[in-house]
Protein chains: 2
Amino acid sequence: MHTLYGSAISGNCWKPAFMLRQRGLPFRWVELDIFEKQTRTAEFLAKNPNGRVPLLELPDGRLLAESNAMLMHLGEGTTWIPADAYARAKMFEWMCFEQYSHEPYIASIRFWKFLEARGADLRAKIEERTPGSYAALGVMEQQLVKTPFFVGEVASLADVALYAYTHVAHEGGFDLAAYPAVTAWLARFAALPGFVGMPCVG
Amino acid sequence: MHTLYGSAISGNCWKPAFMLRQRGLPFRWVELDIFEKQTRTAEFLAKNPNGRVPLLELPDGRLLAESNAMLMHLGEGTTWIPADAYARAKMFEWMCFEQYSHEPYIASIRFWKFLEARGADLRAKIEERTPGSYAALGVMEQQLVKTPFFVGEVASLADVALYAYTHVAHEGGFDLAAYPAVTAWLARFAALPGFVGMPCVG
């Protein structure tokens, strides 16, 4: 059985949980408290030197970090990875976009809002990253007015990656009213067979 | 023929240039001045709504953004992508690590140093991201004391992705003396057949 070390509030951790369920693979969930820095203990750093969740332990004990690498690994041989070479390349493009131009903005601000609820004052950081968040939503909107999913007619790993933090963006205070194609895509994704959103575990 | 829109000072742009050369594919290089915001013009945003280089134009005119997506696309069918499923997953892991935990630190600081040479004062931002830069080098060191390349005995796309900004880290003021395995890996990569480092174009 797979073991998934994660945090129930993390969209990155939702990604492999979603894909394990899509594959019909049972898994054990180990909840780590990221507020208590449980991913920075010596024991966990021995498993993932980068000190982050999610961390996937394969049935044979081998380890894999990075949520989008887990999607690639779990998605191989499924229709979540397009057969066409260019469509596959565009899927990679959107997955890279998600980790570089979306997650550090929308997910970070959502996390900082959680920290603010615990007493921190992160207004300056939140303000600095807000324009980048809406820029990412704007780039998504431009694609989704053209195609129902990011790489065409069918959902791919790109949609899984981008759904993660977009469907909880309101928890970061984001208003998606100006992004009707993104909003329609969120509903389209949630209607996929076997869909489970956040928190799906913990 | 492929066309690559890029900046000669960008490690992200070096990645697809390196792989095009490895594949023996001739390409046209279009230099854009990122200091002059030439990636934010209406003309370029029509090609890449995310407003970044590199941008790869395939011989048939189709476009692909995101340096690591280009590596995946150009690397398909070559030994740069491991045949073993777990090794391939680890390659993805290191490519995600590069974009999330390495590039935003080491590459950003190098770029800010270039901006400082043009009169900007970015000391606070540089100071904020310096610990993360050395943390990334530390994670790399831990792997490279165990294996000659990131995913084992043979160079993969993970090495291309991580070589990009590590081999010019000194331009960001980073001292690699405390990372002997990283230093040895840099020399090992530069000894690969057909190697061309930065600036390889422009």
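Which unit do β1(B), helix α1 and β2(B) make? A right-handed β-α-β unit. Helix α1 there covers residues 11–22 of chain B. Keep in mind that this is a predicted model.

Let's start with strand β1 of chain B, residues 2–6. 5 of its 5 residues are buried, so the strand is largely enclosed by the rest of the structure. Look at the side chains. B:H2, B:L4 and B:G6 point one way. B:T3 and B:Y5 point the other way.

Now the neighbours. Strands of a sheet pair through backbone hydrogen bonds, either parallel or antiparallel. β1(B) has a parallel partner in β2(B), residues 27–31, over 5 bridges. Within that pairing, B:G6 has B:E31 as its bridge partner. β1(B) also pairs with β3(B), residues 55–57. That pairing is antiparallel, over 3 bridges. Here B:L4 stands opposite B:L56, and B:Y5 stands opposite B:L55.

Next, the whole sheet. It is open, with 4 strands and mixed pairing. The order in chain B is β2-β1-β3-β4. The edges are β2 and β4, the latter at 63–65, and each pairs on one side only. Neighbouring strands are turned by 20 degrees against each other on average, direction ignored.

On to the helices. α1(B) packs on the sheet and touches β1, β2 and β3 of chain B. The direction of α1(B) makes about 155 degrees with that of β1(B). Then there is α3(B), residues 67–75. Helix α3 lies across β1, β3 and β4 of chain B. Against β4(B), helix α3 runs at about 125 degrees.

Technical notes:
Residues numbered from 1 in each chain as written. Chains lettered and ligands numbered in written order. Predicted model: local features only at pLDDT ≥ 70, side-chain atom pairs only at ≥ 80, totals over all residues. Heavy atoms only, no water. Buried < 20%, exposed > 50% of the residue type's maximum accessible area, 1.4 Å probe, protein only. Helix = DSSP H or I, 4+ residues; strand = E, 2+ residues; numbered from the N terminus. Pairing = 2+ DSSP bridges. Right-handed = clockwise from strand over helix to strand, strands pointing away. Axes fitted to C-alpha atoms, helices over the stretch in contact; angles between N-to-C directions. Contact = heavy atoms within 4.5 Å.
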